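Colleague: Thanks for sitting down with me. Could you walk me through what is shown here?

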Amino acid sequence: MKAPLQGSSFQLDVSGIAGFFGGEEAFAAMSSVHLVRGRKWLGFYNSPGSYFVAKKYGVLARSRVWDGLYPGVNVDPAKMLELDGKTGSPYVALKSGTRLAAPGHLAYLLERHCGEERKKEEKEKAKQIGKRGFRAACHRGQNSDIEDGTRRQGKAETKKPGVGLSIVYLNELEGTSKYLEPSQHSFTWDTAVAFIAIGYSLGACVLCAVFEDWFCFAMILLGILSNGISCFIIGLGDLRIKPTSPSKNSPPGDGVLDNNNEMVLLIGSERSVTTVTKGKFYLFYRSETEYHDLGCCAALLTTQFLLQLFIIPQGTLFGQIMFLSSLAVSWLYNAYLASLDSESLQRGILKEIALKNNRLSRVSFQKRTAAVVFIAVYGKAVKLRRFLDDMIPNDTPAWELIKTAIASAISQNKDPKKFSKEDAEMCQKIDALPDNGTGLVWDMLTQASLGLEMAQKELKKLETSEVGEGQGD
């Protein structure tokens with residue numbers, strides 16, 4: 001049987017672009033090997049961008065030979081694969097006195113997780129408001145007063161609060177020195193799509209053998225093996241969390257990640273909280289710190305690229321078309337993997353470790369002062385005045401009085417506004433301020449009272465739930 005297009009004098013010189021085309025997508029696909037179930041076994045397809053991927057992974061290997069072949073700054077594998085490197089919002093502890101200007105990658109992921117939960121909550125509220133508006137529209141004309149009241153209520157509920165606070169109860173982290181893997185135990189679409197690329201590359205390889213184009217057959221087969229072997233070896237790295245090791249006698253690690261109008265209150269032991277704020281993901285390879293196995297992968301991919309330059313032009317037009325089409329299908333699969341949200345997959349791992357029971361609640365405030373007072377009371381801040389100074393850095397005479405009044409009132413378990421009105425000396429100091437300063441003080445003390453009241457309600461709910469769980473046990 002003769003190969004199709006055998007008599008044509010036209011040649012497709014695709015070897016020059018095979019190593020560069022789709023390089024970024026190929027690298028992104030290779031980077032997902034630690035986050036997608038079974039990914040390290042599903043790299044046996046003729047992927048484009050081999051030279052680009054080789055340059056990326058070549059800089060991980062550390063020796064004079066590898067540095068000569070792949071010059072560049074040696075980086076940590078976790079940072080190169082974007083498993084580390086992001087920073088969270090400033091952290092202020094309530095009891096241990098810890099202050100962190102830039103917490104680590106896990107804190108950043110936790111904040112993003114809380115942000116996603118907030119968006120879900122807002123969408124659900126918008127749906128509920130929309131349903132109420134639809135019911136009111138159905139009764140339009142029958143009772144205009146009810147309709148106007150519903151409209152006003154809808155507008156009030158859709159008004160966004162000034163400050164949002166997510167309360168996260170962290171589980172006690174046990175066995176964090178063990179390997180961590182995504183908890184995906186079922187068949188996924190990521191696995192199904194991989195067989196399309198694998199099947200097409202194998203099919204193209206077989207067709208080249210059928211029509212005796214051994215040059216293109218060899219290059220497609222080399223591409224399948226080199227990409228599959230590299231994906232497997234790179235996937236051998238174990239994704240771990242690097243925990244902290246505080247003293248067993250350390251106080252609870254409760255604290256707040258302060259992102260201005262979006263804050264996250266962490267409740268848990270010192271070990272669990274500091275692991276989130278200071279810990280990080282990292283990839284453990286048996287070959288660290290030289291990473292010779294990764295260097296060999298880069299060398300294999302580079303060899304594949306160089307051989308393609310010389311051998312692909314020797315093949316037939318049909319074989320070259322098969323080679324090019326296998327690259328195109330593989331590029332589509334790589335683009336699909338590159339479209340996966342890596343941060344979402346990382347948040348899933350963190351959620352599995354630190355938030356197994358989804359113990360997360362959310363409260364909202366109109367002013368930051370109310371939120372800060374809520375955090376101080378709910379988290380039982382030890383050095384209250386220092387905490388207030390950290391969270392409210394304003395140092396004008398009015399704000400100094402506000403923080404002094406709040407600290408004094410909370411220490412005596414009293415309402416800040418009522419306490420200040422009953423304290424004659426405090427009233428004199430407030431009245432001595434300029435008019436705008438006096439008004440500001442009373443406004444903020446009102447907000448502080450609201451924050452205190454809400455914290456007391458939430459603490460009662462927490463006590464009730466804990467009693468119910470104890471009785472259930």
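Modeller: Happy to, and let me begin with a definition: a crossing of two helices is left-handed if the near helix is turned anticlockwise from the far one by less than a right angle, and right-handed if clockwise. Please keep in mind that this is a predicted model.

Colleague: Then which hand does the crossing of H2 and H12 have?

Modeller: Helix H2 covers residues 23-31 and helix H12 covers residues 317-339. By the definition above, their crossing is left-handed.

Colleague: At what angle do helix H2 and helix H12 pack, and what is that arrangement called?

Modeller: Two packed helices are described by the angle between their axes and the distance between the axes. For H2 and H12 the axes are 8 Å apart, and the angle is about 55°. Angles from 65 to 115 degrees would count as roughly perpendicular and those under 35 as roughly parallel. The pair fits neither class, so H2 is to H12 oblique.

Colleague: On to charges. How many salt bridges does the structure hold?

Modeller: One of them pairs Glu117 with Lys120, whose closest N and O atoms are 3.9 Å apart. A salt bridge needs that nitrogen-to-oxygen distance to be within 4 Å, so this pair qualifies. For the structure, the number of salt bridges is 16.

Colleague: Is Lys120 buried or exposed?

Modeller: Lys120 shares helix H6 (residues 105-138) with its partner Glu117, three residues away, about one turn of the helix. Glu117 is partly exposed at 27% relative accessible area. Lys120 has 54%, and because the cut-off for exposed is over 50%, Lys120 is exposed.

Colleague: Which helices are linked by the salt bridge of Arg385 and Glu400?

Modeller: The side chains of Arg385 and Glu400 meet at 2.6 Å, N to O. These residues are 15 apart, and the pair links distant parts of the chain. Arg385 is partly exposed at 26%, and Glu400 is partly exposed at 29%. The helices are H15 for Arg385 and, for Glu400, H16.

Colleague: And Lys461 with Glu458: is Glu458 buried or exposed?

Modeller: Their salt bridge has an N to O distance of 3.7 Å. Both residues lie in helix H19 (residues 435-472), three residues apart. Lys461 is exposed at 55%. Glu458 has 19%, and since buried means under 20%, Glu458 counts as buried.

Colleague: Which residues are joined into one network by salt bridges that share partners?

Modeller: Here the bridges go beyond a single pair, as they have partners in common. The residues in this network are Arg118, Glu122, Glu262 and Arg362.

Colleague: What is the relative accessible area of Lys380, the residue with phi near 55°?

Modeller: That phi is a positive value in a residue other than glycine. Lys380 lies in the loop between helix H14 (368-378) and helix H15 (384-391). Glu82 also has a positive phi, near 60°, in the loop between helix H5 (77-80) and strand E1 (91-93). Lys380 is exposed, with a relative accessible area of 56%.

Colleague: Where is the peptide bond from Glu288 to Thr289, and what is its omega?

Modeller: Thr289 sits in the loop between strand E7 (280-284) and helix H11 (292-311). The bond is cis, with omega near 15°.

Colleague: Lastly, what is the area of the nonpolar surface patch with Leu225?

Modeller: Leu225 is in helix H9 (residues 214-235). A patch residue needs over 30% relative accessible area, and Leu225 is partly exposed at 40%. Together with Leu221 and Ile229, Leu225 makes a patch of about 220 Å².

Conventions:
Residues numbered from 1 in each chain as written. Predicted model: local features only at pLDDT ≥ 70, side-chain atom pairs only at ≥ 80, totals over all residues. Heavy atoms only, no water. Patch = residues over 30% accessible without salt bridge, like charges linked within 9 Å, V, L, I, M, F, W, Y side chains within 5 Å. Areas by Shrake-Rupley, 256 points an atom, 1.4 Å probe, with all protein chains shown as cover. Helix = DSSP H or I, 4+ residues; strand = E, 2+ residues; numbered from the N terminus. Buried < 20%, exposed > 50% of the residue type's maximum accessible area, 1.4 Å probe, protein only. Axes fitted to C-alpha atoms, helices over the stretch in contact; angles between N-to-C directions. Parallel < 35°, antiparallel > 145°, perpendicular 65-115°, else oblique.
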